[in-house]
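Hi everyone, thanks for coming. Let me walk you through one structure, and please keep it open on your screen while I talk.

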Amino acid sequence: MSSGFRKFRTRLLMPDDSHDFRTRMVPSNETRMPTPEPGEAIVVCKYGEERRKAVILHPDDFDLFERYRRIFGRVPFELRLTETAVAAHRLGDGDAGGELDLVSVGRALP
Amino acid sequence: MRRWSDDGTPPKAIDPIGLAQELCELEPPVCTVLVEAYLRPVVLLQDRPQGLLGDALALAVVSLDDLSEPQRERVCAQEEPSLFHLPKRPGKYGLDREVAVDLNGLLRIGCEALLPRAVGRLDDNEMRVIGERLVDHLDVDLEPIVARQVEERLQQLTGPEML
C-alpha cells in the first residue's frame, strides 16, 4: 500500500458542488494511514498512478477546505430562478409589439 | 428566422439546422436572413469610449406592465435578484415608465445598432449592485481570485513565514 502513495504540495481546489459533501469518521487503530503535513495532500493511487482512490489531508487543510465550501458552495443560478424572473425575461423577449416610449426615444436621437 | 434570396423568390422560413446545412454549401459561407427590428432600452455595462471592438455589452430592460400585481410588488421591493427595479425617474433614468433591468438578459449589441445619445444613467452604487448580482447569475467563479487576494492580504498581515 505504501507504494501507492504519491505526495505533493497543492492548493485546495473546490469540488463539484452538485452533491453534498459528507464526512465519515474512521478510528485510527483500524487503518494504517500516512501523516500529512499542513499544506500537503497525499494521493492514494490505484493501478500505478492512473486512478486516484483517496486523498489524505492535514486536518487544518480540511478545515480550510470546509470553510471555502461554505463560502463558495453554490448551485447553478438557473436552478434558483424565480417564476417572476422567468416571466419578466420572457415578456421582455416578446416586447417587440409593446408600447413604444416615444419620449425616451426622442431623447436618444440627435 | 427567414432566409432571404436575391432571385426574386419570397423569403422562406428556415431553422438553424437548415441554415447551417445551407451555409456549408455556400462559398463564402454567408447568407442574408430577415430579422425583426424594434426599439428597446438597454443598460450598457461598461464604457468602451474608443469603440475599438465595435460592439457593447448590455442588459435588457423589461417592462413590468404585464406582470401580476404580487410579482410587480416583489420587483419594486427589490426582492427579485434577477430584476433590478428602476422607478419612473425620467430625470435620472431617462424613461417615462418604471422598468426593471433583467440580469438574465445579457446582450451583445453592435454599436451601429445603438441610438447616439444615452437617455439616462445608473449611479456607481447601482452598477456595483448589478455587477455583484451578475457574477452570481453567470455562475462566475471568483473563488481563485478571492482566495489569492485573501492569501496576499494574510501575507501582508503576518509575513511570509506564517503561511
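Let's start at Asp139(B), which is partly exposed because its relative accessible area is 37%; partly exposed sits between buried, under 20%, and exposed, over 50%, with a 1.4 Å probe and protein chains only. Before going on: this is a predicted model, where local features need pLDDT of at least 70, side-chain atom pairs count only at pLDDT 80 or more, and totals for chains, interfaces and linings use all residues. Residues are numbered from 1 along each chain as written, chains are lettered from A and ligands numbered from 1 in written order, and side-chain values use heavy atoms, without hydrogens and water.

Back to Asp139(B): its phi is near 55°, a positive value in a residue other than glycine. Most residues other than glycine have a negative phi. You'll find Asp139(B) in the loop between helix 4 and helix 5 (143-158) of chain B; helices are DSSP runs of H or I, at least four residues, and strands are runs of E, at least two, numbered from the N terminus.

Now, what does helix 4 of chain B lie across? Helix 4 (residues 124-137) crosses strands 4, 5, 6 and 7 of chain B, at about 75° to strand 7. Angles run from 0 to 180 degrees between N-to-C directions, with axes fitted to C-alpha atoms, for helices over the stretch in contact, meaning heavy atoms within 4.5 Å.

Those strands make an open sheet of four, in the order 4-5-7-6, with antiparallel pairing; pairing takes at least two DSSP bridges. Its edge strands are strand 4 (42-44) and strand 6 (83-86) of chain B.
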